[in-house]
Amino acid sequence: MLIRFREKMKFHRADLVESSAQLGNPGCGWYHVYTFTAQPPKDGRPVEEEVWLDESCRGEGLALVLIDLKAFRSSPLSPEALAHIRRILEFFRRNGMEIILRFVYDTEGKGMEREPFTLSMVKRHMEQAGGVIGAYMRDILVLQGIFVGNWGEMHGSKFLDEASLWELTDTLYRVTEGKCFLAVRTPAQWRKIMSNPGIRPGLGERLGLFNDGIFGSSTDLGTYGSQSRDEAGEKGSWSRREELDWQAQFLEGVPNGGEILSGESPVGYRQAAEELAQMHVSYLNSIYHPEQLDYWRREQAREDCWAGLSGYEYIGRHLGYRFCVLDVTEKKGKELQITVENSGFGNLCREAECFLKTEDGSGREAYHRLDTDARQWRSGRETLLRTEMPGEIKAGSRLSLLLKRKSDGRILRFANQEAGDSLLLGVFETL
């Protein structure tokens with residue numbers, strides 16, 4: 001497509017076609033669960049989960065790291081345990097994997113038997129853990145749960161009354177200095193926490209959900225309720241439809257995720273995609289439940305560039321954010337307008353910098369940071385970027401778009417065909 005530009009040049013826009021490729025962007029995707037005990041092996045041998053990671057799952061950039069604290073039910077964590085937790089986190093950092101972190105007292109559905117006798121001991125463990133994970137905030141995508149409950153899933157615990165729920169969440173937010181995304185199990189728990197008058201500033205922007213019962217029943221195995229919002233009240237559990245609408249509105253800026261379960265009948269990938277988008281899901285367990293995941297693998301997508309891929313691939317490639325440039329136009333040779341769509345289920349949760357890159361015929365490059373926050377490129381919407389035309393543009397110049405995460409400089413790839421680390425928007429030619 002040719003667009004007139006100034007008097008002596010014209011802008012030849014690149015073909016901006018959506019791609020169905022797996023982008024491998026950070027902060028979203030499939031994960032496996034790796035379970036460790038805080039008590040280190042006495043003989044110093046590597047735990048078997050490290051061997052598993054070395055042998056498989058290299059295609060996944062996320063890992064749910066579950067650390068079992070049950071050996072310290074009645075005592076603070078030992079120096080050896082704290083050092084072991086540090087080694088575990090260091091191991092995943094060394095392997096370039098972002099961590100979904102969950103501390104638990106139970107891995108067999110026996111939370112009441114394994115958790116500490118007092119709330120103060122749970123808080124003590126949180127304080128100790130906070131001292132360790134502070135150095136790994138960049139590696140931790142989200143910290144799930146508040147340590148208690150069966151499998152750490154915030155059910156089956158004596159510490160889930162409203163007062164305890166608030167106190168433990170507040171402690172975890174404090175010890176992580178508000179630098180880590182947190183997640184609770186249900187929307188009702190989220191609302192109870194956020195209704196407390198003592199809420200610390202910023203918690204609402206850091207608190208998401210982890211749902212380990214997705215599609216397991218009409219209520220996602222108790223994640224939702226059966227009453228209407230009016231019947232259950234603001235702090236109660238509402239019907240599935242109302243809870244999905246609530247999540248779509250209130251949980252846009254945080255990483256949400258969990259596990260898919262097999263219900264009475266399988267859920268097709270199209271229905272699943274609609275609901276996962278309302279949940280703003282960024283990450284899912286890649287092996288659980290296999291019956292539902294295999295159903296998606298047998299389905300074939302038919303939409304546009306997705307035709308021929310499986311439903312499982314369609315779901316996986318929409319986890320989290322997925323940015324595609326739809327159009328580029330110039331306005332009177334002074335302004336460039338770029339339309340970006342986020343077709344992913346979720347949103348970018350960590351700050352990124354967006355650059356307009358120019359390259360002349362001799363290969364010299366210049367970068368112009370755009371005044372935009374990619375965290376606001378919301379799921380299911382189009383965003384219009386405006387920027388002044390770079391002054392160094394001349395015939396033969398190439399114009400590209402580059403997005404990279406601010407915390408670690410990792411490139412965030414666009415979902416356009418031919419996109420690499422940057423996306424070619426077009427070339428300036430002589431009239």
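Helices, taken as DSSP runs of H or I with at least four residues, and strands, taken as DSSP runs of E with at least two, are numbered from the N terminus. The model is a predicted one, in which local features need pLDDT of at least 70 and side-chain atom pairs count only at pLDDT 80 or more, while totals for chains, interfaces and linings use all residues. Residues are numbered from 1 along each chain as its sequence is written, and side-chain values use heavy atoms, with hydrogens and water left out.

**Exercise 1. Check the length of helix α5 (residues 162-175) against its expected span, then describe its surroundings.**

Step 1. The expected span of a helix is 1.5 Å times one less than its number of residues. For the 14 residues of α5 this gives 20 Å, and the end C-alpha atoms are 20 Å apart, so the two values agree.

Step 2. A residue is called buried under 20% relative accessible area, exposed over 50% and partly exposed in between, with a 1.4 Å probe and protein chains only. By this criterion 10 of the 14 residues of α5 are buried, and the helix is mostly covered; among the buried residues are W166, D170 and Y173.

Step 3. Contact means heavy atoms within 4.5 Å. The elements that cover the buried residues of α5 include α4 (119-133), β6 (140-144), β7 (182-184) and α6 (187-194).

Step 4. After the helix comes E177, whose phi is positive, near 55°.

**Exercise 2. Repeat the analysis for α4, and find a salt bridge that joins α4 to α5.**

Step 1. The 15 residues of α4 should span 21 Å at 1.5 Å a residue, which agrees with the 21 Å between its end C-alpha atoms.

Step 2. The buried residues of α4 include L119, H125, Q128 and I133, and what covers the buried residues of this helix includes α2 (79-94), β5 (98-104), β6 and α5.

Step 3. A salt bridge is a side-chain nitrogen of Lys or Arg within 4 Å of a carboxyl oxygen of Asp or Glu. E127 forms such a bridge with R174, the closest N and O atoms being 2.5 Å apart. Because E127 lies in helix α4 and R174 in helix α5, the pair ties together parts that are 47 residues apart in sequence.

Step 4. E127 is partly exposed, with a relative accessible area of 33%, and R174, at 35%, also counts as partly exposed.

**Exercise 3. Determine whether the salt bridge between E243 and R191 is formed by buried or exposed residues.**

Step 1. The closest N and O atoms of E243 and R191 are 2.9 Å apart. E243 belongs to helix α8 (residues 240-250) and R191 to helix α6, so this pair ties together parts that are 52 residues apart in sequence.

Step 2. E243 has 0% relative accessibility and counts as buried; R191, at 7%, counts as buried too.

Step 3. For the wider setting, the structure holds 31 salt bridges, and E98, R350, R405 and D408 are linked in a network of them.

**Exercise 4. Describe the barrel and the helix that lies across part of it.**

Step 1. Two strands pair if DSSP finds at least two bridges between them. Eight strands close into a barrel in the order β3-β4-β5-β6-β7-β8-β9-β10, with parallel pairing. From one strand to the next the twist averages 30°.

Step 2. Strand β3 (residues 29-37) is joined to strand β4 (residues 62-68) by seven bridges, the two running parallel, and Y31 has L62 in β4 as its bridge partner.

Step 3. Axes are lines fitted to C-alpha atoms, for helices over the stretch in contact, and angles run from 0 to 180 degrees between N-to-C directions. Helix α9 (residues 269-279) lies across β8 (207-214), β9 (256-260) and β10 (281-285), and runs at about 120° to β10.

**Exercise 5. Trace the antiparallel pairings of β12 and of β16.**

Step 1. Three strands form an open sheet in the order β11-β12-β15, with antiparallel pairing. Since β11 (323-331) and β15 (381-388) stand at the edges with a single partner strand each, one side of each is left without a neighbour in the sheet.

Step 2. Seven bridges join strand β12 (residues 335-342) to β15, and L336 has T387 in β15 as its bridge partner.

Step 3. Strand β16 (residues 398-405) has six of its eight residues buried. Strand β13 (residues 352-359) pairs with β16 over eight bridges in the antiparallel sense, with E353 opposite K404. Five bridges join β16 to strand β17 (residues 422-430), also antiparallel, and L402 stands opposite S422.
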